[in-house]
Amino acid sequence: MAKGADDRGDRYHRKREEKQRYTKQLPTDDEPELPPPVEPITSDKEKVGRNDPCPCGSGKKYKKCCGKGT
């Protein structure tokens with residue numbers, strides 16, 4: 001037999017085994033269903049601009065108060 005045919009046969013068997021391993025991991029009808037996906041957290045508040053007053057109430061600009069980078 002030619003080398004190319006052997007490679008195809010080996011590849012076929014490897015793919016078949018890989019598919020069998022994958023299908024074993026899938027949930028069956030006996031297993032409980034997965035919980036619903038988690039909703040992302042969103043904020044209704046507007047973003048604070050650098051030159052806006054700081055929301056902490058200090059009276060300073062946000063960039064000089066809580067918006068300082070380390």
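How far is the sulfur of Cys 66 from the closest cysteine sulfur, and in which residue does that partner sit? The gap is 3.5 Å, to Cys 54, so the two are too far apart for a bond. A disulfide is a covalent bond between the sulfur atoms of two cysteines. Here, a pair of cysteine sulfur atoms has to lie within 2.5 Å to count as one. Cys 65 tells a similar story: its closest cysteine sulfur belongs to Cys 56, 3.6 Å away, again too far for a bond. By this rule, the tally of disulfides is zero.

All of this comes from a predicted model, where local features need pLDDT of at least 70, side-chain atom pairs count only at pLDDT 80 or more, and totals for chains, interfaces and linings use all residues. Residues are numbered from 1 along each chain as its sequence is written, and side-chain values use heavy atoms, leaving out hydrogens and water.

As for cover, relative accessible area sorts residues into buried (under 20%), exposed (over 50%) and partly exposed (in between), with a 1.4 Å probe and protein chains only. Cys 65 is partly exposed at 21%, and Cys 66 is partly exposed at 48%. Just 1% of the 70 residues in the protein are buried.

The fold has one helix and zero strands, both taken as DSSP runs (H or I, at least four residues, for helices; E, at least two, for strands). Helix α1 spans residues 3-25 and holds Lys 15, which is exposed at 54% relative accessible area.
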